[in-house]
Amino acid sequence: MIKVKDLTFSYQKNKQTLHGLTFSVSDGEIFGFLGPNGSGKSTTQKILTGILNGYGGEVNLFNQSIVIKQKEFQEKIGVLFEFPYLYTNLSALDNLNYFASFYPRENCRDIFELLEMLDFKNDYLKKPVSSYSKGMRQRVSMARALLSNPQLLFLDEPTSGLDPSGAVLFRKIIEEEKKKGTTVFLTTHNMVDADLLCDRVAFIADGEIKALDTPKKLKEKNSNHQAKIDYLYQGKSTTITIEIAELGGGIPFPHDEIISIHSKEPTLEDIFIHYTGRGLS
Ligand SMILES: Nc1ncnc2c1ncn2[C@@H]1O[C@H](COP(=O)(O)OP(=O)(O)OP(=O)(O)O)[C@@H](O)[C@H]1O
């Protein structure tokens with residue numbers, strides 16, 4: 001679905017933002033693009049969605065170069081931008097009716113159904129976007145991205161500005177899209193979203209991909225194979241961290257009672273820090 005080879009980009013002379021990214025995304029996959037602020041995530045998404053030109057390397061969507069079939073691609077992709085691109089003086093309905101006019105009518109989803117699915121408050125349907133909360137704007141932006149039933153969905157920080165139940169709803173909607181066969185390119189620095197949703201993730205820092213694999217494999221590869229054991233001995237409560245291999249012959253230290261044993265698996269965030277030398281926030 002997406003093939004990117006040696007992608008480079010500079011906003012200014014002598015300062016390269018993307019340093020030769022190479023990756024591909026399969027049909028129907030949810031691909032996470034993770035990195036800290038300023039790492040080049042939005043720049044990459046803008047190039048893939050045809051907003052930014054002047055890049056080096058090759059970018060193919062739907063097995064064709066994005067240079068050739070720009071107009072045709074636009075009809076097959078849906079985009080949720082990091083900063084909602086909405087007309088703030090217009091209502092949700094007017095915005096969505098306007099964006100729907102870019103696509104063949106038969107491809108478009110019902111706006112009311114979409115907003116209902118996104119748990120949008122009906123009272124605000126006809127009020128201007130300027131009166132909406134961040135979460136409501138995000139819901140309209142998601143409706144905009146899904147409006148044309150896209151085969152390829154670009155989502156830049158989709159759960160940003162949502163409360164926890166809104167984030168759960170958005171993750172459910174993204175999973176439903178995957179079930180329909182939609183390919184999702186998910187740009188985020190939210191590790192929970194990445195871990196719960198993505199088939200594979202790429203870690204980007206300083207405009208370079210530092211690691212790319214499934215969350216499960218990344219965790220396996222970076223497992224420290226350690227266990228944390230809480231136990232009681234001679235009336236004293238103690239915690240110890242030991243290698244899991246040492247447990248093969250039973251608990252290898254004196255104890256009266258074992259309270260709990262937990263494996264110390266690294267989180268995706270731990271692994272990100274390992275590969276990039278920094279956190280995501
Ligand atoms: N229009 C622009 N002009 C000049 N430099 C820019 C422009 N947009 C982004 N940059 C710079 O390019 C680099 C990558 O920015 P980009 O927005 O792609 O990062 P990001 O990973 O999406 O960050 P964030 O998580 O903050 O959105 C940063 O150093 C940023 O300052």
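Here are some friendly questions and replies about this predicted model.

Me: What makes β1 and β4 a pair of strands?
Reply: Two strands pair if DSSP finds at least two bridges between them. Five bridges join strand β1 (residues 2-12) to strand β4 (residues 56-61), therefore they count as paired. They run antiparallel, and lysine 3 has asparagine 60 in β4 as its bridge partner.

Me: How do you know that β4 and β5 pair?
Reply: The requirement is at least two bridges, and β4 has two bridges with strand β5 (residues 64-65), so this is a pair as well, in the antiparallel sense. Here asparagine 60 stands opposite serine 65 in β5. The hairpin of β4 and β5 has two residues between the strands, and phenylalanine 62 takes a positive phi near 50° in that hairpin.

Me: Why is His189 counted in the shell around the ligand?
Reply: A residue counts if its C-beta atom, placed from the backbone, lies within 6 Å of the molecule. His189 is listed among the residues surrounding the ligand, so it meets that cut-off. Others in the list include Tyr11, Lys41 and Glu82. Helix α1 (residues 41-48) gives the most to this shell, with three residues.

Me: Why are two residues of the shell called charged?
Reply: Asp, Glu, Lys and Arg count as charged. The shell includes Lys41 and Glu82, so these belong to that class. By class, there are also one nonpolar and nine polar residues.

Me: What is the average pLDDT of the protein?
Reply: The average is 90, and 97% of the residues score at least 70.

Definitions and conventions:
Residues are numbered from 1 along each chain as its sequence is written. This is a predicted model: local features need pLDDT of at least 70, side-chain atom pairs count only at pLDDT 80 or more; totals for chains, interfaces and linings use all residues. pLDDT is the predictor's confidence in each residue, from 0 to 100. Helices (H or I, at least four residues) and strands (E, at least two) are DSSP runs, numbered from the N terminus.
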